[in-house]
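Trainee: I am new to this model and would like a close look at one helix and what surrounds it. Please keep it plain.

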Amino acid sequence: MADFKPLVFSGIQPTGNLHLGNYLGAIQKFVALQETQDCLFCVVDLHALTAQLVQEDLAQQTREIAAAYLAAGIDPKRHIVFNQSAVSGHAELAWVFNCVARIGWMERMTQFKDKAGKDRERASLGLLAYPSLMAADILLYRATHVPVGDDQKQHLELTRDIATKFNHDFSARIEAKGLGVPMAMGEETVNGYFPLAEPLIEGPATRVMSLKDGSKKMSKSDPSDLSRINLTDDDETIAKKIRKAKTDPDALPSEPAGLAGRPEADNLVGIYAALSERSKADILTEFGGRPFSEFKPALADLAVEKLAPIAGEMRRVLSDPAEIDRTLQDGADRARALADKTLTDVKSILGLLG
């Protein structure tokens with residue numbers, strides 16, 4: 001990977017309201033990454049079509065994700081903030097990767113199995129093939145690192161498989177055109193054009209669970225609004241949802257091992273740790289032995305302190321949609337300059353004219 005310029009690609013789908021899980025699992029980490037890495041922050045609006053083809057207001061949902069990026073502190077001047085559909089290279093490279101990937105690879109994806117259910121023949125082709133588009137999102141910029149949650153690690157592995165097969169199949173052409181980087185594949189060395197992107201999974205709460213059921217991931221689609229803290233919730237609503245969060249009757253343990261078999265307790269401690277940027281062990285040193293009636297108010301105060309400024313800034317940014325659009329357009333123009341270079345190289349490697 002040393003011969004590929006370090007670059008981070010990150011993306012969030014514009015489907016439903018952003019919640020605490022999106023912030024702790026993704027956006028908070030994006031803000032930290034921008035201090036040490038060159039980053040592209042994308043609103044992956046094409047991916048939203050696999051979840052629901054006909055959207056009530058996809059444009060506004062796209063603006064809301066962009067507003068959350070900006071409100072949380074991402075700098076669109078130092079880095080690139082854009083929406084996926086504004087750069088046609090994503091779809092163009094995805095078609096190439098559809099021809100590189102194997103159907104069996106796609107059918108093994110856990111998320112496809114879960115979302116398609118038993119009646120797979122009625123699932124859209126987009127739902128089956130969207131990991132190729134995810135691979136294109138990353139590799140269009142030859143990104144070397146991707147912040148992912150646990151549920152996306154399998155898709156990143158498929159991205160690496162696609163890059164590996166492309167590099168192997170076209171190694172001689174890549175070398176002949178002077179576009180390659182020597183890469184070891186087992187005992188063989190090939191000339192690779194695409195990097196094998198690495199996952200970035202950091203922090204104590206990469207997976208935030210429902211406030212009503214610690215065995216389920218916090219979700220935009222949960223029918224109960226009490227199951228999640230939305231990034232646009234006001235102070236009183238945030239505090240109320242934490243007060244009503246499901247717990248168990250026991251006091252907090254003094255060390256993380258004591259959270260085993262206590263999913264709701266583990267979730268709330270993890271949220272506190274992530275919001276305060278401390279470890280679970282550190283939190284339990286402070287609160288171990290104390291009841292939830294004492295811990296929840298402290299968590300509510302912390303959540304309000306951290307999230308209220310973001311909610312206020314989101315409302316301010318969203319009040320000027322034209323400015324959001326200008327930011328996204330500027331980002332798309334800069335992203336397109338990088339993407340066009342990759343597509344030119346890929347077409348040359350494939351033998352496509354134009």
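Trainee: Which residue takes a positive phi just after H11, and of about what value?

Mentor: Glu 277 takes the positive phi, about 55°, just after H11. This is a predicted model, in which local features need pLDDT of at least 70 and side-chain atom pairs count only at pLDDT 80 or more, while totals for chains, interfaces and linings use all residues. Residues are numbered from 1 along each chain as its sequence is written, and side-chain values use heavy atoms, with hydrogens and water left out.

Helix H11 covers residues 263-276 (helices are DSSP runs of H or I with at least four residues, strands are runs of E with at least two, and both are numbered from the N terminus). H11 has 14 residues and reaches 20 Å from its first C-alpha to its last, close to the expected 20 Å; the expected span is 1.5 Å times one less than the number of residues.

H11 is largely enclosed by the rest of the structure, because 12 of its 14 residues are buried (buried means under 20% relative accessible area, exposed over 50%, and partly exposed in between, with a 1.4 Å probe and protein chains only). Among the buried residues are Glu 264, Asn 267, Leu 268, Ile 271, Tyr 272 and Leu 275. The buried residues of H11 pack against helix H1 (20-33), helix H12 (280-287) and helix H13 (292-318), where contact means heavy atoms within 4.5 Å.

Next come the salt bridges (a side-chain nitrogen of Lys or Arg within 4 Å of a carboxyl oxygen of Asp or Glu). Arg 278 forms one with Glu 286, their closest N and O atoms being 3.0 Å apart. Arg 278 is partly exposed, with a relative accessible area of 25%, and Glu 286 is also partly exposed, at 38%.

By this rule the structure has 20 salt bridges. One of them joins Arg 63 to Asp 325, with the closest N and O atoms 2.8 Å apart. Arg 63 lies in helix H3 (residues 58-72) and Asp 325 in helix H14, so this pair ties together parts that are 262 residues apart in sequence. Asp 325 counts as partly exposed at 32% relative accessibility. Another salt bridge joins Glu 198 to Arg 160, with the closest N and O atoms 3.5 Å apart. Glu 198 lies in strand E7 (residues 198-200) and Arg 160 in helix H8 (residues 153-169), so the pair ties together parts 38 residues apart in sequence. Glu 198 is partly exposed, with a relative accessible area of 31%. Asp 225, Arg 228, Asp 233 and Lys 241 are linked in a network of salt bridges.

One last contrast with the buried residues of H11 is Ala 176, in helix H9 (residues 171-176). Ala 176 is exposed, with a relative accessible area of 68%. Ala 176 and Asp 250 are 74 residues apart in sequence, and their C-alpha atoms are 67 Å apart in space.
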